[in-house]
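This briefing is intended for a reader who wishes to examine the strand arrangement and the cysteines. Please view the sequence and structure first.

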Amino acid sequence: MNEKRAFITGISGQDGSFLAEFLLEKGYKVFGLVRRMSNPSFPLIDHLLDKVTLIDGDMTDSHSIYKALNEAMPHEIYNLAAQSFVGTSWKQPELTANVNGLGVARLLENVRNICPSAKVFQASTSELYGNTTVMPQHECTPFQPRSPYGISKLYAYWMVVNYRESYNMFCCNGITFNHESERRGIEFVTRKITHGVAEIVARKRNKILLGNTQAKRDWGYSKDYVEAFWLMLQQDEPVDYVVATGEQHSVQDFIDEAFKQAGFDKEDVAYHIGIDERYYRPADVNYLLGDPSKIERGLGWKAKTKFSELVKIMVDSDLKLMGVNK
């Protein structure tokens, strides 16, 4: 059997690192697109650098995508590259649109010309739904994004559909709801909470400053979700799926669980949390809850890691980072 070749954009991020590990275990030859830097540092894939082939490139540069695809000639393409922080998208809307939206157009057009038989997975997002009144959200729920990030991803979503229908390409969207891990960037609220709790335990700080703690999300574990990405490309026909747990928790729930996992009593939590208006977004999405029934029926995929397990994994990792033994 010929070795399968996979190309991952965003390989150095949370999802990319877990997906690279997953594909290597399945015997794939893995290529990853990384931005050229004067001092390259890829801490999440340091342990994989002798097992994967990294190619310099950028989603804002069509020629570099062209060269990367020509070198990799992949059977499967996973586009995980993005300006992925919703808060930053208001500060850098043009960059967000260029990477998340036009970047996907550049990728699809190059795939069409270089390796049109390759299967393409696009990491879409629950932020497409915005403040919809439909609960839970499924594949046919109308989109109404409320951030430059969500809008950029909406363009990418429809470009995938357009290339699929216009050129008969195998490309599909995974509408992923929030998924976290111990590899999550510190700027994301979940990791900000678990890292902050670990710092409080280590007596390096006393409070965690946050914005809207009443927002509710459907939180899963990134390591579970990358299997869904892979399954979507193992099918005979390209289909878009919601990837979610089907359970909803508030940011406050996440705070309470993180402190609980670190050994705090519930009545002590409020003392360590401060609300700062600087962390409120110009427009927020209040409730997101995914309906995973289609992917459960169609692919047999179901989120394995429960909410409390996810928080424990993240807290334990950050405590270890702080040199604290539970």
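Does cysteine 115 count as buried or exposed? Cysteine 115 is buried, because its relative accessibility is 5%, where buried means under 20% relative accessible area and exposed over 50%, with partly exposed in between (1.4 Å probe, protein chains only).

The model is predicted: local features need pLDDT of at least 70, side-chain atom pairs count only at pLDDT 80 or more, and totals for chains, interfaces and linings use all residues. Residues are numbered from 1 along each chain as its sequence is written, and side-chain values use heavy atoms, leaving out hydrogens and water.

**Sheet**
- Seven strands (DSSP runs of E, at least two residues, numbered from the N terminus) form an open sheet in the order β3-β2-β1-β4-β5-β6-β11, with parallel pairing; a pair requires at least two DSSP bridges.
- Strands β3 (53-56) and β11 (241-243) are at the edges with a single partner strand each, so one side of each lacks a neighbour in the sheet.
- From one strand to the next, the twist averages 25°.
- Strands β1 (residues 5-9) and β4 (residues 76-79) run parallel and are joined by four bridges.
- Isoleucine 8 lies opposite tyrosine 78 of β4.

**Cysteines**
- Zero disulfides are found in a search of the whole structure, a disulfide being a pair of cysteine sulfur atoms within 2.5 Å.
- The closest cysteine sulfur to that of cysteine 115 belongs to cysteine 171, at 12 Å, which is too far for a bond.
- For cysteine 140, the closest cysteine sulfur is in cysteine 172, at 16 Å, also too far for a bond.
- Cysteine 140 counts as exposed because its relative accessibility is 68%.

Definitions and conventions
Axes fitted to C-alpha atoms, helices over the stretch in contact; angles between N-to-C directions.
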